[in-house]
Amino acid sequence: MIPERVEEPQVCRLSEARRTVEPCSMVIFGASGDLTFRKLIPALYHDFKEKLLPAEFRVVGFARREKTTESWRAELRQALEQFSRTKPVDEEVWAAFARHLFYCQGDLADPIAYARLEQLLSAPGNPALRCNLVCYLAIPPSQFGLAAEHLHRAGLLQRNDPANGSPRGWQRIVVEKPFGHDLASAQALNRDLTRFAAEPQIFRIDHYLGKETVQNILMFRFSNALFERLWHRDAIDHVQLTVSEAHGVDQRGGYYEEAGALRDMVQNHLLQVLSLIAMEPPVSLDAEAIRDEKVKLLRSIRLFSPEDVARHVVRGQYRAGTLNGVPQPAYRQEPRVRPDSNVETYVALKLFIDNWRWSGVPFFLRTGKALPRSASEVRIQFRRTPHVLFAAQCGPKLDPNSLTLRLQPNEGIILHFNGKVPGTTIAVRPVRMHFSYDAEFGAYTPEAYERLLLEAIAGDATLFIRRDEVEIAWQIADSIRAGWQDKPLSDREFYAAGTWGPVAAEDLLAQTGHAWREPMVIKPST
Ligand SMILES: NC(=O)c1ccc[n+]([C@@H]2O[C@H](COP(=O)([O-])OP(=O)(O)OC[C@H]3O[C@@H](n4cnc5c(N)ncnc54)[C@H](OP(=O)(O)O)[C@@H]3O)[C@@H](O)[C@H]2O)c1
């Protein structure tokens, strides 16, 4: 007998083949800020440690505060102690990495500061370190246009289409969220930036797209024939997407007063995840092909009329309560929050996608602060069996099959189905098959920024938001805000901290016989 040939599992590396990282400099505007210390430098340190950065590179920090290169390096080293995902910090790696860091003091509005920056970048070395630039704008969005204009005037930013190449190297601008606070302001920001940089030079961050599990949505959907065959209205009853946070706004009350859950979470992270879950297969893995499909999907989302908002959207704000055994003050009592604030800390909504694949399938999205558990997951709930053979023994309704994509924490994929309880009686109960990232691949969980910074350096825009994407997402969010019409929150819209949101959010699903499923409690496997 000829033994069956066992194939080695094939590891298909998608992006590495495409990636070329050329010598370049990254200029971080906002080098004395929270994002730089907590996320950007720790991410670059890990990328350096993994030898993923170009052999020749520089990081230049730009901010108003008086610092020298030495004092900035010392502060960053201290911050790394706290924010590095691996401890202890590797002194040898840090010493080598720190030699690439430089500080440039200056005001974004001061042309002389850009001349200093230009001089620093022109220091002896590979000329590519002066021409190839990633300008990371970790500054208030109101300053984006100003920074771009001054960079351009200082000869540090040329408007060109990178696809056509340029003798003067390439320059890219990375911008942080929030990208506007509504459609009009996002369009204005886009206009400001595209005066000095072509769209392919602009990399809009949504850090959710840097998460391994969010990227895996595409791999999971388009590398497995099994599930993609079921991925449509004939098989799927509804989809639930939950992003819950088990903490209040803490010290970010000032920012949150201007944002709220709809702008802070739904317009970007939730709609991004939704578009990956629901989009059609792209024609290739090219950034534009993927983003074209996401845009097509976003365009198919039905905008909300004021009546739809009344029926299909629930907002809420947390009152005082207990979060994991600790007293949590009401949102209105948080620092820098107005005592009569109407800002929503919770949103749940039912939306419809008007296309052939999803017609009639409700998508329930919810996000909120001060909820019982921090978790992000997508639950695809399949239709029930057409007939229950075991109704006499088990009741008329069996638990429907579902597939849960757990995005964080304890990332994984869980398939729920029904199984017979062992024994002489006929009893059926839901059971689950669980794929855990940690168990399968070990506990290697790079931070989203590690990946995103590398992609920006490599010039791959797949994980960044294109202009039309951001504008359509604002159109959807604006249609919801218009329905709220600045109406004060009613009593029914408050919820106690430590609960799963206002009662109306339960009713939103109960109307059609559905119910929210709480994000699962999953213990880490390693
Ligand atoms: N922190 C986060 O986790 C996070 C998450 C998502 C998005 N973001 C976004 O990222 C951006 C930065 O956030 P952050 O939390 O780091 O803010 P931050 O701590 O307030 O830092 C702001 C930075 O901008 C610099 N800056 C402001 N005005 C300037 C000017 N006129 N000239 C030169 N530098 C100026 C500040 O430097 P000096 O004070 O020294 O001048 C500081 O380094 C914001 O757009 C924010 O919305 C942050």
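Visitor: Before we look at any pair of helices, how do you get an angle between them?

Guide: Axes are lines fitted to C-alpha atoms over the stretch in contact, and the angle between their N-to-C directions runs from 0 to 180 degrees. Bear in mind that this is a predicted model.

Visitor: Why are α6 and α7 called roughly parallel?

Guide: Take α6, residues 144–153, and α7, residues 183–194: their axes cross at roughly 10°. Angles under 35 degrees count as roughly parallel, so that label goes to α6 and α7. The two axes also come within 8 Å.

Visitor: What makes the contact between α6 and α7?

Guide: On α6 you'll find F144, G145 and A148, and they meet L189, D192 and L193 of α7. Sorted by class, that contact has four nonpolar residues, one polar and one charged. Gly counts as polar and Asp as charged, so G145 and D192 take those two places.

Visitor: How do you know that domain 1 and domain 2 touch, with C-alpha centres 32 Å apart?

Guide: Contact is judged residue by residue, with C-beta atoms within 7 Å. By that test, 29 residues of domain 1 (24–204) are in contact with 22 residues of domain 2 (209–510).

Visitor: Which elements make up the side of domain 1 that touches domain 2?

Guide: α1 (34–49), β5 (171–175), α7 and β6 (202–204) each bring at least two residues. The largest share is from α1, with six residues.

Visitor: And what is the class make-up of that side of domain 1?

Guide: It has 16 nonpolar residues, eight charged and five polar.

Conventions
Residues numbered from 1 in each chain as written. Predicted model: local features only at pLDDT ≥ 70, side-chain atom pairs only at ≥ 80, totals over all residues. Helix = DSSP H or I, 4+ residues; strand = E, 2+ residues; numbered from the N terminus. Parallel < 35°, antiparallel > 145°, perpendicular 65-115°, else oblique. Contact = placed C-beta atoms within 7 Å. Domains from an automatic or database assignment.
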